[in-house]
Amino acid sequence: MFRRSIYKTPPQLRAMVEPGLITAAALDAVEAQVRVGVTTGELDAIAERVIAERGAEPNFKLVRGYHHTTCISVNEQVVHGIPGDRMLQAGDIVSVDCGAQYQGWNGDSARTFVVPDASRPELVERRRELSRVTEGSMWAGIAAMATASHIGGIGAAIQDYIEAQGVSDVSGETYGILREYVGHGIGRKMHEAPSVFNYRTPDPGAEIRPGLVLAIEPMVTAGGEATFVEDDDWTVSTEDGTDGSHWEHSVARHDDGIWVLTAADGGAAGLAPFGVVPVPIP
Ligand code: MG
Ligand code: MG
């Protein structure tokens with residue numbers, strides 16, 4: 001069987017810039033509308049409209065059996081929540097995952113938001129902290145794409161970052177990292193080889209070198225790492241009912257450095273604390 005190389009050519013990397021930016025624009029539009037009373041279905045429609053306006057298509061709809069532009073996961077749901085009639089409430093923690101395919105190339109990205117709730121500042125603060133830890137671990141993993149020799153260095157960086165954040169106020173232990181769900185290569189297809197684990201593994205994995213494009217996506221909980229799939233056959237929720245958070249970017253390694261395809265600034269702001277300066281794809 002023919003196996004496509006996991007390393008892409010410079011023109012292929014350049015072709016992945018636009019789908020990344022379209023994905024980012026869709027999430028920007030969703031972020032602007034996250035508030036009490038909006039339904040997850042309405043947020044999905046916003047993302048779909050932005051992607052269509054830019055001449056792209058939602059790549060989640062190309063996944064067999066899935067009919068939406070986004071996955072929206074609320075509170076104890078971590079990933080793969082199906083948008084619909086659910087109305088967001090004050091204090092909800094909401095992860096939105098989205099992707100666009102443009103001229104045959106894909107972007108994939110996720111962000112977590114916390115709906116403000118003036119009456120429950122402690123809950124909001126706890127949930128913001130979970131999102132901050134998750135986002136920070138993603139940037140640590142992205143930074144490793146610039147510095148590590150093998151893909152295993154990304155998972156190690158993510159796990160190390162999370163463990164350095166201390167304990168969750170909910171569990172009294174370090175934050176949980178989902179094990180059954182992982183990041184992935186991305187290109188002509190949204191999901192390509194190789195897998196990108198969000199934790200340390202004995203196998204160092206493939207070499208990180210120019211042409212590699214990965215979706216790096218830690219999924220983190222305020223409690224344990226065990227999850228189950230709900231009766232809708234999609235939604236992944238924590239077994240212990242604690243909150244989940246999910247952050248994701250599609251990132252290219254090229255001849256001169258790394259570039260975050262799904263961030264308008266190429267990842268400059270998120271990478272600054274790690275001393276990594278992203279370089280536009282030449
Ligand atoms: Mg995704
Ligand atoms: Mg992904």
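The paragraphs below go through the predicted model from its overall dimensions to its metal site, its nonpolar cores and three single residues.

Residues are numbered from 1 along each chain as its sequence is written, while chains are lettered from A and ligands numbered from 1 in the order in which they are written. In this predicted model, local features need pLDDT of at least 70 and side-chain atom pairs count only at pLDDT 80 or more, whereas totals for chains, interfaces and linings use all residues; side-chain values use heavy atoms, with hydrogens and water left out.

The protein has six helices and 15 strands, taken as DSSP runs numbered from the N terminus (helices are H or I with at least four residues, strands are E with at least two). Its radius of gyration is 18 Å, close to the 19 Å that the globule rule gives for 282 residues, so the protein is as compact as a globular protein of that length. That radius is taken over C-alpha atoms, and the globule rule is 2.2 Å times the number of residues to the power 0.38. Along the principal axes, the C-alpha atoms fill a box of roughly 50 × 40 × 35 Å. Of the 282 residues, 55% are buried, where buried means under 20% relative accessible area, exposed over 50%, and partly exposed in between (1.4 Å probe, protein chains only). The exposed area of the protein is about 11900 Å², and carbon and sulfur atoms supply 51% of it; accessible areas come from the Shrake-Rupley method with a 1.4 Å probe, and for residues only the protein chains shown count as cover. Contacts (heavy atoms within 4.5 Å) reach far along the chain: among those between residues at least 6 apart in sequence, 69% join residues at least 24 apart.

The metal site holds two magnesium ions, ligand 1 and ligand 2, lying 3.2 Å apart and bridged by aspartate 108. Donors here are N, O and S atoms within 2.8 Å of the metal (3.2 Å for Na, K and Ca); water is not among the atoms, so sites may look incomplete. For ligand 1, the protein donors are Asp97 (OD), listed twice, Asp108 (OD) and Glu248 (OE), at 2.0 to 2.6 Å. The donor residues of ligand 1 have the sequence spacing D-x10-D-x139-E. Aspartate 97 lies in strand E4 (residues 93–102) and aspartate 108 in strand E5 (residues 105–114), so this pair ties together parts that are eleven residues apart in sequence. Both aspartate 97 and aspartate 108 are buried.

Ligand 2 is coordinated by Asp108 (OD), His184 (NE2), Glu217 (OE) and Glu248 (OE), at 2.1 to 2.3 Å. Along the chain, the donors of ligand 2 follow the spacing D-x75-H-x32-E-x30-E. Histidine 184 sits in strand E7 (residues 183–185) and glutamate 217 in the loop between strand E9 (213–216) and strand E10 (219–221); the pair is 33 residues apart and links distant parts of the chain. Histidine 184 counts as buried because its relative accessibility is 6%, and glutamate 217 does so at 7%.

Away from the metals, the largest nonpolar core has 36 residues; Ile142, Met145, Ile154, Leu212, Leu214, Ile216 and Leu271 have the most contacts inside it. Such a core is a set of buried Ala, Val, Leu, Ile, Met, Phe, Trp, Tyr and Cys residues joined through side-chain atoms within 4.5 Å. Helix H4 (121–147), helix H5 (152–164), E9 and strand E15 (257–260) each supply at least two of its residues, and H4 gives the largest share, nine residues. Beyond its neighbours within four places in sequence, leucine 271 is in contact with residues including Trp139, Ile142, Ile258 and Val260. A second, separate core has 23 residues, among them Val30, Val74, Val96 and Cys98.

Three further residues complete the picture. Phenylalanine 113 is in strand E5 and is buried at 8% relative accessibility. Leaving aside neighbours within four places in sequence, its contacts include Val30, Val34, Ile93 and Val96. Threonine 39 lies in the loop between helix H2 (17–33) and helix H3 (40–53); this residue is buried, with a relative accessible area of 13%. Threonine 235 lies in the loop between strand E11 (227–229) and strand E12 (236–238), and is buried at 2% relative accessibility. The side chains of threonine 235 and aspartate 232 form a polar contact of 2.5 Å (a pair of N or O atoms within 3.5 Å; within protein, one must be able to donate a hydrogen and the other to accept it, and residues adjacent in sequence count only if both atoms are side-chain atoms).
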